[in-house]
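Biologist: Could you take me through the helix packing in this one? I'd like to hear the reasoning behind each label.

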Amino acid sequence: MPFTNFFRIAASRPRSSTKGPLDVDDNPLASPTGLVTQAKRLSGTTSQNASPRTSLSQTRSPVRTAAPRSETPVLKRDFSFLLKPEIYHQLSPLTIPAPFRNPTRQPASDTPIPILLAAGHFRAAAIAAAQELTGTSSPSSPPLLATDYTRIFDLLYVRLSCLCLIDAVPLAAQEAKALEDLNSAFYADENSGAHLAPWALRTLVVRLQTIGFGDPRRAVMSYYELAREARAAVARAAQRHDHSAAELWKRRLVDLGIRVAGALVEMDDLAGAAAHLASLADAKGEGEGPDAARLAVCRALLWLHIGDVEAARRCVGNGAVDGTVSRVVDALADMADGEYEGALGKWRSLREEMARDGTKDEMVGVNLAVCLLYTGRMPEGRDLLEELVDAEQTSHTLLFNLTTMYELCSDRAKTLKMHLAERVADIEPGSGGGWEKTNADFKL
């Protein structure tokens, strides 16, 4: 959802003087020298050529991440255990509709990965990343060195993130298990204490390993490990008067707080997730900017998921957010209450105003079509979704709702679905989002 803004909420009790690992501390939490010494001590007990242990560390992470990392540390550590072909699964073409399997629409096998990503060919990018990792790509390509951890981790991130984007999360969860414990000293530079893996990969692997190992609590524990590291990095940046680095780590800390709430939602602890979001600093009016905006939207959507629509409205009320975000949440709250007629007018008004400004928002259009369906105007809702497809907007939510309307209004639903798949496949790659769709997108 493209809308973000700010909110304030009254705390039920005065803020405690203690701080949790997801809060930013103004005082240094640990000496950088001490952290490096600890990393050296722990890395000294770990073989340079051995893979990390599977167990999740219950103590403070011994590594720290330099932000940003200007150059790759000189390190000859063997990561050959991540280059084994048996780690990576074959991707069956049967999960995608026939129009997308047409060879004339597929990219060339030697297309570079950055071009594949830019064009939205996420499936092909995932395959290319696995081939380069395992040395099964073009014979003319030089083999990947087991000590080139920068390239290995970059390819792993492409592989895992692209699997998630093509709705192959279970496969990504199994492959992420090969990394084992990313918080172990094996992944720390023994001289600087910096973590060798990029931050984006580390946060992605937390959720995937939670799914792969079947332990929902693992995500919360791992996010708190990363939060401790982020707080220490904020303190070090403040000591160096490096304000850009401090702001980067503060944003990462806020992101981790939201991820913890997401992990609690996946554990079905909705009340705990709401209480956690309310405990974060920006939720209490102590922050500003995009971080507070994200918290406002997250809390409102979470309250809607729980079923407390008034609490959702309070999160964005009293001028805490701009009018657009407040109106979006208000319309969603009407839908949650079953007031589809009222929500219909709000979505229609919002869409007309955005059209006058030259903005076409798919989320607004899809919700308007759903309200039309529930108010007995399904043909109008179907025409609206068809119009969005013609405008090259083809998210999973849009396609799923449109194919559902096909099933409700026609005996030729399968034919209509295949025709829709042809239309979507004809859209020029790179026009926005992933180009290739799955059978589930069209309910085939």
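What follows is a chat about how the labels were assigned.

Modeller: Sure. This is a predicted model, so local features need pLDDT of at least 70, side-chain atom pairs count only at pLDDT 80 or more, and totals for chains, interfaces and linings use all residues. Residues are numbered from 1 along each chain as its sequence is written, and side-chain values use heavy atoms, with hydrogens and water left out.

Biologist: How many helices and strands are there in the chain?

Modeller: The chain has 18 helices and 0 strands. Both are DSSP runs numbered from the N terminus, with H or I over at least four residues for a helix and E over at least two for a strand. Of the 444 residues, 47% count as buried, and buried means under 20% relative accessible area, with exposed over 50% and partly exposed in between (1.4 Å probe, protein chains only).

Biologist: Which share of the contacts with a separation of 6 or more comes from residues 24 or more positions apart?

Modeller: That share is 71%. Contact here means heavy atoms within 4.5 Å.

Biologist: Why are α9 and α10 called roughly antiparallel?

Modeller: The axes of α9 (residues 243–266) and α10 (residues 270–279) cross at roughly 165° and come within 8 Å. Axes are lines fitted to C-alpha atoms, for helices over the stretch in contact, and angles run from 0 to 180 degrees between N-to-C directions. Under 35 degrees counts as roughly parallel, over 145 as roughly antiparallel, 65 to 115 as roughly perpendicular and the rest as oblique. So α9 and α10 get the label roughly antiparallel.

Biologist: Which residues meet there, in α9 and in α10?

Modeller: From α9 you have G257, I258, V260, A261, L264 and V265, and they meet L270, G272, A273, H276 and L277 in α10. The residues of this α9 contact with α10 divide into 8 nonpolar, 3 polar and no charged. For those classes, Ala, Val, Leu, Ile, Met, Phe, Trp, Tyr, Cys and Pro count as nonpolar, Asp, Glu, Lys and Arg as charged, and the others, Gly among them, as polar. The crossing of α9 and α10 is left-handed, a word used if the near helix is turned anticlockwise from the far one by less than a right angle, with right-handed for clockwise.

Biologist: What puts the buried residues of α10 on the same side?

Modeller: The buried residues of α10 are A273, A274, H276 and L277. They cover an arc of only 160° around the axis, which puts them on the same side of α10. The arc is that of the directions from the helix axis to the C-beta atoms.

Biologist: And what makes α7 and α9 roughly parallel?

Modeller: The axes of α7 (residues 199–213) and α9 cross at roughly 10° and come within 11 Å. That angle falls under the parallel cut-off, so α7 and α9 are roughly parallel. α7 passes α9 in a right-handed crossing. W199, T203 and R207 in α7 meet W249, R252, L256, R259 and E266 in α9, and this contact divides into 3 nonpolar, 1 polar and 4 charged residues.

Biologist: Is A219 buried or exposed, and how do you know?

Modeller: A219 has a relative accessible area of 5%, so A219 is buried. A219 sits in α8 (residues 216–239). Leaving aside neighbours within four places in sequence, A219 is in contact with V206, T210 and A263. A219 and L264 are 45 residues apart in sequence and 8.9 Å apart in space, C-alpha to C-alpha.

Biologist: Why does L248 count as partly exposed?

Modeller: L248 has 24% relative accessibility, so L248 falls in the in-between class, partly exposed. L248 lies in α9. L248 and A230 are 18 residues apart in sequence and 9.5 Å apart in space, C-alpha to C-alpha.

Biologist: What makes E392 and K443 worth a look?

Modeller: E392 has a positive phi of about 65° although it is not a glycine. E392 lies in the loop between α16 (378–390) and α17 (396–409), and its 37% relative accessibility makes E392 partly exposed. K443 also isn't a glycine, yet has a positive phi of about 55°. K443 lies in the segment after α18 (413–425), and with a relative accessible area of 27% K443 is partly exposed.
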